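Here are some exercises to work through with the model open beside you. Try each task before you read its solution.

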Amino acid sequence: MKNASQIKLENLWNRSLMQNDSSLFDAGYIKGSSETAVSPASLINQQPGAYLTTKSSRTPSVVKEFLKDVLKPEELERYGMGKPERIHVRAKLIHGKS
Amino acid sequence: MVRVRQTRLARVAQGDIIRNVEYVEHVIEKSGYLDISRIRFPFVVVLTQDCDLEQDYRSRSLKNKSSTSDKHLLSVLVAPLYNLEHIYSGEHLSQLGQTMQKIERKRTSGGNLRNNETPRYHHLDFEPTVQLPPSVIDFKHYFSVNVSQLKKHKKKEFICQLADLYREDVSQRFSSFLARIGLP
């Protein structure tokens, strides 16, 4: 039985095929040549994470932006989009110096 | 493929994989302001020896509270897990503004990485039931986290624990990496 993520991936793939849209490949979502026939079944049966990679010319944010409507944040993390990030906090001391 | 346990122990345990652990880079107080810089790592693995972690937990628990703090740990050693694909492209620290060396997946360097023949890295390929992509531990990026803080954090952010043999393999390789001698 397909889970929600697999159904979303299939819909995305089908939409891409119908629209003759190469964005799935361009976004680095699918490995290999855009001319290679990759069926939805073969894509779904593989571990999705294996396909969610970024080409050197594509930043993770580009792929993330493309997929955010399709995958939940925790699914994006599962599929390897998480990277360490720096967080800065600046706070005013109420009593001045500690 | 690495075997894991999905059951969460109450205490911090060696081999625990925990999400969103923060490393404090610096805390600066200046002119009445406090500037704190932290790095949040999506996933880390606990490296501290399990016997030390167990003794720390027992020593602090109310039932077996010790008269001394001899067995208490100040901190726990952890190391970050990076996505294997990002390691290949050298982009795993791109959000920190750092470009790392690329590793060609089809060449010897890529093979050595996946076969755990590169001392600095440890490759983990998880079972499909685990919500983690193929990952790499970078031993060079180890850091420490407060024990009590990590124990609290683990309650909501625990992913899984590496099974015994696999965590011992990580531990042994980490020890070897730290003990390496650089010859001229």
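**Exercise 1. Work out what lines the second largest cavity, and which elements supply the lining.**

Step 1. The residues around the second largest cavity are Gln14(B), Gly15(B), Val45(B), Val46(B), Leu47(B), Leu162(B), Arg167(B), Val170(B) and Ser171(B). A cavity is a set of points on a 1 Å grid over the protein atoms alone where a 1.4 Å probe fits but cannot get out, and lining residues have an atom within 4 Å of a point.

Step 2. At least two lining residues come from each of β3 (33-46) and α5 (164-178) of chain B. With three residues, α5(B) gives the most. Helices (H or I, at least four residues) and strands (E, at least two) are DSSP runs, numbered from the N terminus.

Step 3. The space in this second largest cavity is about 30 Å³.

A note on the source: this is a predicted model, where local features need pLDDT of at least 70 and side-chain atom pairs count only at pLDDT 80 or more, while totals for chains, interfaces and linings use all residues. Residues are numbered from 1 along each chain as its sequence is written, chains are lettered from A and ligands numbered from 1 in the order in which they are written, and side-chain values use heavy atoms, with hydrogens and water left out.

**Exercise 2. Describe the surroundings of Arg11(B).**

Step 1. Look in the loop between β1 (4-5) and β2 (16-30) of chain B to find Arg11(B).

Step 2. Is Arg11(B) buried or exposed? Its relative accessible area is 11%, so Arg11(B) is buried (under 20% relative accessible area, with a 1.4 Å probe and protein chains only).

Step 3. Setting aside neighbours within four places in sequence, Arg11(B) is in contact with Asp16(B), Asp50(B), Leu53(B), Glu54(B), Tyr57(B) and Lys154(B) (contact means heavy atoms within 4.5 Å).

**Exercise 3. Find the partners of Ser37(B).**

Step 1. Ser37(B) belongs to strand β3 of chain B, and with a relative accessible area of 1% Ser37(B) is buried.

Step 2. Not counting residues up to four places away in sequence, Ser37(B) touches residues of chain A, namely Arg86(A), Ile87(A) and His88(A), as well as Tyr23(B), Val24(B), Glu25(B) and His26(B).

Step 3. The side chains of Ser37(B) and Glu25(B) are joined by a polar contact of 2.7 Å. Such a contact is a pair of N or O atoms within 3.5 Å; within protein, one must be able to donate a hydrogen and the other to accept it, and residues adjacent in sequence count only if both atoms are side-chain atoms.

Key. On a 1 Å grid over the protein atoms alone, a cavity is a set of points where a 1.4 Å probe fits but cannot get out, and a pocket is an open set with protein on both sides within 12 Å along at least five of seven lines; lining residues have an atom within 4 Å of a point. Grid points are joined across faces, edges and corners, and a volume is the space filled by probe spheres set on the points. Buried means under 20% relative accessible area, exposed over 50%, partly exposed in between (1.4 Å probe, protein chains only).
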